[in-house]
Amino acid sequence: MRLSQKLFVTLRDDPADAEIPSHKLLLRAGYIRRIGSGVYAYLPLMWRVLQKISQIVREEMNATGAEECLLPQLQPAELWKESGRWDTYTKAEGIMFSLIDRREQQLGLGPTHEEVITTIGRDMIRSYRQLPVHLYQIQTKFRDEIRPRFGLMRGREFIMKDGYSFHTDEESLKKTYQDMYKAYSNMLRRCGLAFRAVEADSGAIGGSGSTEFMVLADAGEDEVLYTQDGKYAANVEKAVSLPADAEPSNFKTCEKVPTAGTETIEKLCDYLKCSPTQVVKNVLYQTVYDQGLTVLVLVNIRGDQEINEVKLQNELTKLAPQFHAKTVISLTVPNQEAIASWATKSLPLGYIAPDLSDDYIATREQLHPKFIRLIDQTAVELKQFVTGANESGFHLVGSNWQEQFKLPELVVDIRKAKPGDRSVHDPSQTLETARGIEAGHIFQLGTKYSLAMGATYTNEQGEEKPLVMGCYGVGVSRLAQSAVEQSYDGDGIIWPVAIAPYHAIISIPNIKDTQQVEIAEKIYTELNKVGIETLLDDRNERAGVKFKDADLIGIPYRIVTGRSITHGKVEVVTRATRESQEIAIEDLVDTLESWISQRDVTT
């Protein structure tokens with residue numbers, strides 16, 4: 001392609017609304033153009049990148065025996081109500097674009113396709129002889145992000161590969177899950193990316209287990225905790241660890257002591273001259289279930305630990321059936337206004353004890369009359385601990401479970417693992433931290449959707465059984481921007497060869513020099529003929545402008561038909577290393593073919 005014939009506009013300055021390097025560079029280099037909040041046009045250079053990534057994805061998916069299809073983006077609300085996720089996606093998470101058509105029917109723009117694929121399985125799969133089945137698609141998805149940001153990283157419209165599998169049992173599902181683990185690893189390696197596969201929380205998708213594939217980058221929105229031995233890695237939302245040992249208590253008897261002005265753990269410990277590991281912290285939450293019931297939650301945790309709200313929400317979701325609900329639609333630490341809406345009297349905030357009375361909760365419709373009481377394992381083990389006294393300005397010191405306070409029945413792991421903690425699999429290993437961009441996520445869904453939507457098959461004994469399902473997603477457009485976030489410098493993008501829009505760019509320093517133009521045209525034809533995708537910068541611009549643009553757009557090899565052509569050579573600059581060398585024109589094709597084959601990572 002000749003650059004003079006392309007829609008090619010670059011910017012010298014960073015756009016004001018771009019926050020991270022990859023977003024700035026993709027806009028400046030003319031890969032994308034913002035159309036609206038979280039909505040971008042993929043311009044020709046970016047479309048070539050996306051096509052290359054999509055092709056790698058297709059090849060790896062097809063190699064596993066999966067079949068490509070295309071599912072509808074418009075989805076009837078009835079399907080989502082069957083699965084119980086309509087309220088979760090339109091109210092709790094609020095990420096689904098929902099609309100009403102002219103027949104007054106509710107529809108959603110697909111943020112994901114579990115309901116659609118389960119409907120297909122329910123309608124078409126009858127017998128175990130048809131299983132396993134694995135379908136995938138590459139398609140635009142829509143999510144109404146409350147705060148679209150970072151360009152393609154968190155947009156409201158994006159390209160995704162999502163796949164779904166149906167099985168007779170967990171064993172079959174786990175085989176496909178391992179196939180996908182390998183396929184996803186291959187995809188990212190072939191795209192030339194450094195990544196880490198980590199244990200993850202399944203979130204609103206659900207299921208028994210999931211793995212995220214994180215592209216490592218400083219601007220990643222996710223924190224990954226891992227051990228140096230390579231045997232453990234998890235998203236911080238899912239991570240587990242061994243906390244530091246609690247220090248022995250300084251208090252030998254139980255006493256109520258005045259502690260005015262110590263509403264925080266730091267102030268309390270400073271005042272009492274004790275360790276936060278000797279404190280039971282009591283945190284109040286307010287949750288709303290999908291049928292509209294508000295439930296108040298009191299969490300006990302060791303004073304030096306933080307609550308992992310994802311883990312907490314998962315525990316509260318497990319309790320949903322006892323409230324005739326399916327899911328949690330909100331979880332918040334209540335502010336004064338929220339407390340006033342249900343409290344019968346003033347709460348001793350900052351001084352709450354584990355036995356805060358249910359009498360604080362008003363009697364009214366859609367408000368559960370008792371606290372749900374959860375205790376983290378770190379608090380269970382404490383003896384002669386410090387905690388609130390349910391009276392402002394006072395704490396109890398030297399308290400014990402089953403003496404001063406009844407131990408809550410629901411003992412859970414809801415603490416947030418953090419860097420420096422000991423690893424569960426090997427306490428000699430400590431957790432380290434890295435930032436990552438979630439590029440892929442695979443799930444073992446099990447029977448969550450098939451049970452909810454009545455998708456069954458008949459087994460060998462003639463019994464009707466629910467289909468066992470898996471789900472596998474890769475953000476194609478996010479992966480493209482992740483590659484930029486992982487590899488750039490002060491002059492622009494550095495694309496991995498495998499997904500670069502072009503392999504090489506020929507820069508003609510002086511288009512009025514007929515010899516420079518003739519040699520450039522000859523090289524351009526020869527390279528494209530052998531499959532080395534090449535741009536020809538034949539614009540009437542200064543050489544410096546062309547070189548800057550070549551660096552900005554990140555083409556792996558720049559060929560310059562400058563002064564060296566008088567000696568039968570051209571200058572070749574490798575974008576990734578900035579290494580420059582002169583190569584004989586007759587050797588150029590073979591040299592570039594060799595370089596590209598070495599750097600074009602394959603499985």
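**Burial, packing and ring pairs in a predicted model**

Pro 334 is buried in this predicted model, its relative accessible area being 11%.

Student: Where is Pro 334 found, and which residues does Pro 334 touch, not counting residues up to four places away in sequence?
Tutor: Pro 334 belongs to the loop between β16 (328–332) and α9 (336–340). In space, its C-alpha is 9.4 Å from that of Leu 296, although the two are 38 residues apart in sequence. With residues up to four places away in sequence left out, Pro 334 touches Leu 284, Tyr 285, Gln 286 and Ile 339.

Student: What percentage of the residues in the protein chain is buried?
Tutor: The protein chain comprises 15 helices and 31 strands. Its C-alpha atoms fill a box of roughly 95 × 65 × 50 Å along the principal axes. Of the 603 residues in the chain, the buried share is 54%.

Student: How are α1 and α12 oriented to each other?
Tutor: The axes of helix α1 (residues 21–28) and helix α12 (residues 476–486) come within 8 Å and cross at roughly 105°. Angles of 65 to 115 degrees count as roughly perpendicular. The two helices, α1 and α12, are therefore roughly perpendicular.

Student: Which residues make the contact of α1 with α12, and how do they divide by character?
Tutor: From α1 come Pro 21, Ser 22, His 23, Leu 25 and Leu 26, and from α12 come Gln 481, Val 484 and Glu 485. The residues of this contact divide into four nonpolar, three polar and one charged.

Student: Why is the ring pair of Tyr 31 and Trp 495 described as stacked, tilted or edge-to-face?
Tutor: The structure holds ten aromatic pairs. In the pair of Tyr 31 and Trp 495, the ring centres are 5.6 Å apart and the planes stand at 55°. Planes under 30 degrees apart count as stacked and those over 60 as edge-to-face. The angle of 55° falls in neither class, so the pair is tilted.

Student: How many residues apart in sequence are the parts that this pair ties together?
Tutor: Both Tyr 31 and Trp 495 are buried. Tyr 31 lies in the loop between α1 and β1 (32–36), and Trp 495 in the loop between β26 (492–493) and β27 (504–507). The pair therefore ties together parts whose separation in sequence is 464 residues.

Student: Which rings have the charged end of Arg 48 or Lys 256 over them?
Tutor: The charged end of Arg 48 lies 4.0 Å from the centre of the ring over which it sits, that of Tyr 502. For Lys 256 the corresponding distance is 5.0 Å, and the ring is that of Phe 394.

Key: Residues are numbered from 1 along each chain as its sequence is written. This is a predicted model: local features need pLDDT of at least 70, side-chain atom pairs count only at pLDDT 80 or more; totals for chains, interfaces and linings use all residues. Side-chain values use heavy atoms; hydrogens and water are left out. Axes are lines fitted to C-alpha atoms, for helices over the stretch in contact, and angles run from 0 to 180 degrees between N-to-C directions. Angles under 35 degrees count as roughly parallel, over 145 as roughly antiparallel, 65 to 115 as roughly perpendicular and the rest as oblique. Contact means heavy atoms within 4.5 Å. Ala, Val, Leu, Ile, Met, Phe, Trp, Tyr, Cys and Pro count as nonpolar, Asp, Glu, Lys and Arg as charged, and the others, Gly among them, as polar. Rings of Phe, Tyr and Trp (its six-membered ring) pair if their centres lie within 6.5 Å; planes under 30 degrees apart count as stacked, over 60 as edge-to-face and the rest as tilted. Buried means under 20% relative accessible area, exposed over 50%, partly exposed in between (1.4 Å probe, protein chains only). A charge sits over a ring if NZ of Lys or CZ of Arg is within 6 Å of the ring centre and within 35 degrees of the ring normal.
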